Amino acid sequence: MKKLIHFIPALIIFTMTTPAMAALNIFACEPEWASLAKELGGERVKTFSATTAYQDPHHIEARPGLIAKVRRADLLICSGAELEVGWLPLLQRQAGNTKVLSNERGYFEASAMVKTLDVPVETMDRTMGDVHAAGNPHVHLDPRRILTIATALNARLAELDPQGKEHYQKRYSDFKQRWQQAITKWQQQASGLKGKRIIVHHRDWVYLFDWLGIEIAGALEPKPGLPTTAGHLVSLKQALKLSPATMIVYTAYQNPRAAKRFSQMTNIPAVELPYTVGGAEQVNDLFSLFDVTIKRLSGERQ
Ligand SMILES: [Zn+2]
């Protein structure tokens, strides 16, 4: 009991020195959505990202720590399109927080707000690998789609926290203006990349390349989500004889071995791109994510 009494004053001091409570507790499945929520919500939101740039968002363990975070969340922001199908439903079930179930307003699916690419035209089966029925889920690598998603997220924040409506609107207008200017700048910087052919490890670059007019010359994965094989690399090399490629790209969360091996086989440079916020030292928000990505694609050391 004595111990407890000693503990109470410390607790009071702690509570008093903690800044005002945020209105919304946001659980983002990936760092890009935590960043976007911070841009739009500022001090009214408290954000947490379930994954870092060094973790493969397709394969995350539903740890108890994550379940506890979902339990306390007012809003979940995830890429969707089945990217998190292996772990998010489990977190939602275990957390027992009905507000953030997938059909509730406390769940925000970014890919559902935009047109997705790579939507399979034929019936899918297991032999196609990790193909998603709702299309390619890596939507955040097109800044134009980010803006569409930001518009929808701004409305959702105001819906869940009506008292903050003006605050969110102000931040959204400011973000929109800075983001549109940045898009114009990036498009100018990347104009020389148009028509280039680049090899990817996984098709997580579809949206970026679609935006910049870059062509995917092939993937190191024989099928989405499947590991590279020696035979696949040999046939990929063969295919490049007819139409060459200028670069191989991979992310911070992928094992660089396949890219480096293929680079040795072909003499095509292998370049690591940040993929998301935190994926390189200088990448601490969505703006620097695209700054660094375009610099590295342009062959600048960054
Ligand atoms: Zn994927």
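Two strands count as paired here if DSSP finds at least two bridges between them. Strand β1 (residues 24-28) and strand β2 (residues 45-49) meet that condition, as five bridges join them and they run parallel. L24 stands opposite V45 in β2. This pair is a convenient place to enter the structure, which is a predicted model.

Before going further, the overall picture. The protein has 302 residues, of which 39% count as buried. Its secondary structure consists of 10 helices and eight strands. Among contacts between residues at least 6 apart in sequence, 60% join residues at least 24 apart.

The confidence of the prediction should be read alongside the fold. Mean pLDDT for the protein is 92, and 90% of the residues reach 70 or more. Two stretches stand apart from that average. Over residues 1-5 pLDDT stays under 50, and the model has zero contacts for them beyond four places in sequence. Residues 11-19 also stay under 50, again with zero contacts beyond four places in sequence. Where pLDDT is low, the predicted coordinates should not be read in detail.

Back to β1. This strand is mostly covered, with four of its five residues buried. Besides β2, β1 has strand β3 (residues 75-78) as a partner, paired in the parallel sense over three bridges. Here the bridge partner of F27 is L76 in β3. These pairings belong to an open sheet of four strands, in the order β2-β1-β3-β4, with parallel pairing. The edges are taken by β2 and β4 (107-109), each with a single partner strand, so one side of each is left without a neighbour in the sheet. Averaged over this sheet and ignoring direction, neighbouring strands are turned by 20 degrees against each other.

Another open sheet is also made of four strands, in the order β6-β5-β7-β8, and its pairing is parallel. Its edge strands are β6 (215-219) and β8 (270-273); each has a single partner strand, so one side of each is left without a neighbour in the sheet. The twist from one strand to the next averages 35 degrees. Within this sheet, strand β5 (residues 197-200) pairs with β6 in the parallel sense over four bridges. I199 stands opposite G218 in β6. Helix α9 (residues 257-266) packs on the sheet, where it touches β7 (247-251) and β8. The direction of α9 makes about 170 degrees with that of β7.

Next come two helices that pack on each other. Two packed helices are described by the angle between their axes and the distance between the axes. For helix α3 (residues 64-71) and helix α4 (residues 88-95), the axes come within 8 Å and cross at roughly 65 degrees. The crossing of α3 past α4 is right-handed. On the α3 side the contact involves L66, I67, V70 and R71, which meet L91, Q92, Q94 and A95 in α4. Sorted by class, this contact has five nonpolar, two polar and one charged residues.

Some loop residues deserve a look of their own. Most residues other than glycine have a negative phi, and most peptide bonds are trans. Which way does the phi of A81 point, positive or negative? A81 has a positive value, near 50 degrees, although the residue is not a glycine. A81 lies in the loop between β3 and α4. The residue is buried, because 23 other C-beta atoms lie within 10 Å and the cut-off is 20 or more.

D118 is another residue other than glycine with a positive phi, about 60 degrees. Its place is in the loop between β4 and α5 (143-160). D118 counts as partly exposed, because its C-beta neighbours inside 10 Å number 17.

The last stop is T276, in the loop between β8 and α10 (286-297). Is T276 buried or exposed? T276 is buried, with 30 other C-beta atoms within 10 Å. Leaving aside neighbours within four places in sequence, the contacts of T276 are E30, P31, E32, A53 and L289. The C-alpha atoms of T276 and L286 are separated by 7.8 Å, and the two residues are 10 apart along the chain.

How values were computed: Residues are numbered from 1 along each chain as its sequence is written. This is a predicted model: local features need pLDDT of at least 70, side-chain atom pairs count only at pLDDT 80 or more; totals for chains, interfaces and linings use all residues. Axes are lines fitted to C-alpha atoms, for helices over the stretch in contact, and angles run from 0 to 180 degrees between N-to-C directions. Helices (H or I, at least four residues) and strands (E, at least two) are DSSP runs, numbered from the N terminus. A crossing is left-handed if the near helix is turned anticlockwise from the far one by less than a right angle, and right-handed if clockwise. Two residues are in contact if their C-beta atoms, placed from the backbone, lie within 7 Å. Ala, Val, Leu, Ile, Met, Phe, Trp, Tyr, Cys and Pro count as nonpolar, Asp, Glu, Lys and Arg as charged, and the others, Gly among them, as polar. pLDDT is the predictor's confidence in each residue, from 0 to 100. A residue is buried if 20 or more other C-beta atoms lie within 10 Å of its own, exposed if 12 or fewer, and partly exposed in between; C-beta atoms are placed from the backbone.
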